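Here are a few notes to read alongside the model. I hope they help you find your way around.

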Amino acid sequence: MPTVGWVQESATDRYYEGRLTSHAVDLSPQLFCRECGAAFFSIAERDKHELIHPVANPVLKILGREVISGTFRLTHAVIPEDIELAFVEQVRVNDVVLSTPAALVDVICETQRGFFDIELFRQGQPPKKFRLDLCHVSDAQLQAVDGIFVRCLSSELVDGNSIERFEQETNSCSEALWYRDGLVQYLLGVLAKDHRTEQLTYSQFNQRFNRALQNLQPYNTPLANSLRRLIEFNSNDFSVGRATLIPTLDVAFALFRGESYKAVRHDGKLNNVLPVDHATSEILNDLVPHFEAYSLSELEQRTRGINPRSSSLQDRQKLHYLCYRKALAEGNVIAKRAYARKLKHDDAFSHMVQESE
């Protein structure tokens, strides 16, 4: 039985044998690998070659972020250079097939507001489906929402009434409703964690924080950055990030990453810029600023004063780590080992404990 290679070889031989009488035939390869661009004379050859490439699914990236399933929210205008479209042969937007995949770039760049159900197709791959939410927000409206937030909510007395007043005063900022909702979700998380609302249980504070994190992710404002960092601090994610509106929070991130302690000016009200839950307030307003001055016994006494009903497992691990570092600094081997045992299975701190053992 002849093979594919034999058939192709015979066809090529017949062409050369008849070349003297067939000058119009174009011998250049007409098929190209859809991954690397290599040229081939037949579909069979190309298909065999493409097996060496990993399977590539359709890809859409906006400002370097890949759009995946679910809803992708774009809050400001972009230009074609901000958009990357790869491995896409056909695009369908709101059940209408676009003339070319590149036409999707025009849709994204030329539209300010609207929902678009988008499907990206490539032969041999399942379609990639997602919703694009174009909700461009002017800097003026973001600044207006931030100003109202500071006026209504930058205190320790945040409650349901102050949140309701904030929502009412920002109703006119129609472009920034998603942004406002992210701020509100953070506040509700604080109330839930501190048992200050009957509408939410303590166990729901993480859910509210996660919703706030998702809604605030597209916005690059000092307030949004600071709240995202506070939520990360709550979950013991101490990765390096942008500076916040709370100086002692930036110092705390470095301290809990295992870096040397850096003194911070303390005026007794470091959390008056942004509302925080009780446990976070104690850590940022007392334990971190006075970490250098407190002895281990003083630090332990201060940590015992934090209400256990309003402190999460992550809060308790932060407190254990502060005591561990103080025991290490004082050369208290027994206390150091006791706190090390409490931290050895914690992902955020175990590697630092091991390094110090």
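1. A word on contacts to begin: two residues are in contact when heavy atoms lie within 4.5 Å. In this protein, 57% of the contacts with a separation of 6 or more join residues 24 or more positions apart.

2. Please keep in mind that this is a predicted model, where local features need pLDDT of at least 70, side-chain atom pairs count only at pLDDT 80 or more, and totals for chains, interfaces and linings use all residues. Residues are numbered from 1 along each chain as its sequence is written, and side-chain values use heavy atoms, leaving out hydrogens and water.

3. Of the 357 residues, 45% are buried (under 20% relative accessible area, 1.4 Å probe, protein chains only).

4. Now the largest nonpolar core (buried Ala, Val, Leu, Ile, Met, Phe, Trp, Tyr and Cys joined through side-chain atoms within 4.5 Å): it has 67 residues, and Phe 166, Tyr 179 and Phe 233 are among those with the most contacts inside it. Helix H6 (residues 177-193) gives the largest share, 8 residues; helices here are DSSP runs of H or I, at least four residues, and strands are runs of E, at least two.

5. Beyond its neighbours within four places in sequence, Phe 233 touches several residues, including Phe 238, Leu 249, Phe 256 and Lys 318. Apart from this core lies another, of 21 residues, with Val 78 and Leu 120 among them.

6. Do look at the open sheet, ordered S5-S10-S9-S7-S8 with mixed pairing (two strands pair if DSSP finds at least two bridges between them). S9 (residues 113-122) and S10 (residues 125-135) run antiparallel over 9 bridges, and Arg 113 has Cys 135 in S10 as its bridge partner.

Definitions and conventions:
Buried < 20%, exposed > 50% of the residue type's maximum accessible area, 1.4 Å probe, protein only.
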